[in-house]
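Student: I'd like a close look at one charged side chain here, and then a walk outward from it through the rest of the fold. Could you take your time over it?

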Amino acid sequence: MGVDGKALVLGGGGVTGVAWEIGLLHGLAEHGVDLIDAGLVIGTSAGSSVAAQVLSGVPLQDLYGAQLADAGGEVAARMSPGSLLKFVVAGLRPGDPVRGRAWLGRQALRARTMPEAERRAVIARRIGDAGWPATRLLITAVEAETGEVRVFDAASDVPLIDAVAASCAVPLTWPPVTIGGKRYIDGGVRSVANADLAAGSRHVVVLAPVTMSPRRSGRPAAQVAALGPQVRSVVVSPDAAARAAIGRNVLDPARRRPAAEAGRAQAAAVADRVRAAWT
């Protein structure tokens, strides 16, 4: 549990999800709602990158400005229809969901992607090398061979860059990440936000660029509801304008600036709801 029982949950959603979350956090701060004072931050996939950046000490205004910079030269990617289908199949496999995740993980281990070291360098440029923050930070990933979830934190003896790279390792698109001799894939394979890890907190705010999941139990709203009626919570996802700004490919850096600007603009409409849950 964090300071005053506050937990900030940052969900996955590609490079546009990073931009939208940073824009929204900046906009909320401009409206007097500072979510960075959370005692617990949970980052999944894109949310792990956002968490590492906003807890690094770099001002939100500067992080927001970086999202507006020219995206020229950055690698654009797209999940193929076949890859998306495998995500759905893995999520809907009957029985233990861990087995479905392991099936997807084995597919990821066989996929042809960019070299792991090259992808790690991308993450390093994105989040810097400040190391684990003083704020309690949980970063989720999934072990590719077994499908078991792994939650990294400062006590894991794992570099923050590696933890974030593992959480962002979209299977079949980016390479699995090696940590301690094991290979890891995106934490979003387990849940798009893993909001259930906020159990024990009294105030929970979830920023979720993506809310859909093959299993209802993996959706942020269901996970927050399961925390109990005593928890003051809100789940914020992109509004219509933000969805239009993000576009159809969440891995396209060219959509980063409009996604960030849409997140900042959306803050005005959600600030009161977020403030009510946070205070």
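Student: What is the relative accessibility of Arg-190, and how does that residue count on the scale from buried to exposed?

Tutor: Happy to, and please keep in mind that this is a predicted model. Arg-190 has a relative accessibility of 26%, so it counts as partly exposed. Its charged partner is Asp-196: the two form a salt bridge, with 2.8 Å between the closest N and O atoms. Asp-196 is partly exposed as well, at a relative accessible area of 25%. Both values lie above the 20% under which a residue would be called buried.

This pair belongs to a wider set, since searching the whole structure turns up seven salt bridges. Two others can be found in helix H10, which covers residues 256-278. In one of them, the side chains of Arg-257 and Glu-261 meet at 3.0 Å, N to O. These two residues are four places apart in the helix, about one turn. Arg-257 is partly exposed at 40% relative accessibility, and Glu-261 is partly exposed at 33%. In the other, Asp-272 and Arg-275 join in a salt bridge at 2.9 Å, N to O. Here the spacing within H10 is three residues, again about one turn of the helix. Asp-272 is exposed, with a relative accessible area of 59%, while Arg-275 is partly exposed at 29%. The spacing makes sense in both cases: an α-helix has 3.6 residues a turn, so residues three or four places apart point the same way.

For a useful contrast, look at Arg-119 in helix H6, residues 116-127. Arg-119 is buried yet takes part in no salt bridge. The nearest side chain of opposite charge is that of Asp-186, 7.4 Å away; a salt bridge needs the nitrogen to be within 4 Å of a carboxyl oxygen. Leaving aside residues up to four places away in sequence, Arg-119 touches Met-114, Arg-126, Cys-168, Trp-174 and Pro-175.

From a buried charge, let's move to buried elements. Strand S7, residues 203-207, is largely enclosed by the rest of the structure, because five of its five residues are buried. His-203, Val-205 and Leu-207 point one way from the strand, whereas Val-204 and Val-206 point the other way. S7 also has strand neighbours to pair with. Strand S1, residues 6-10, pairs with S7 in the parallel sense over five bridges, and Val-9 has Val-206 as its bridge partner in S7. Strand S8, residues 232-236, is likewise parallel to S7, over five bridges, and there the partner of Leu-207 is Val-236. Between S7 and S8 comes helix H8, residues 220-225, and the three together make a right-handed β-α-β unit.

Helix H2, residues 46-54, is another element to set beside S7. Nine of the nine residues of H2 are buried, so this helix too is largely enclosed by the rest of the structure. Among those buried residues are Ser-48, Ser-49 and Gln-53, along with Val-50 and Val-54.

Note on methods. Residues are numbered from 1 along each chain as its sequence is written. This is a predicted model: local features need pLDDT of at least 70, side-chain atom pairs count only at pLDDT 80 or more; totals for chains, interfaces and linings use all residues. Side-chain values use heavy atoms; hydrogens and water are left out. Buried means under 20% relative accessible area, exposed over 50%, partly exposed in between (1.4 Å probe, protein chains only). Two strands pair if DSSP finds at least two bridges between them. A crossover is right-handed if, with the strands pointing away from the viewer, the path from the first strand over the helix to the second runs clockwise. Lys and Arg count as positive and Asp and Glu as negative; His and the chain ends are not counted. Contact means heavy atoms within 4.5 Å.
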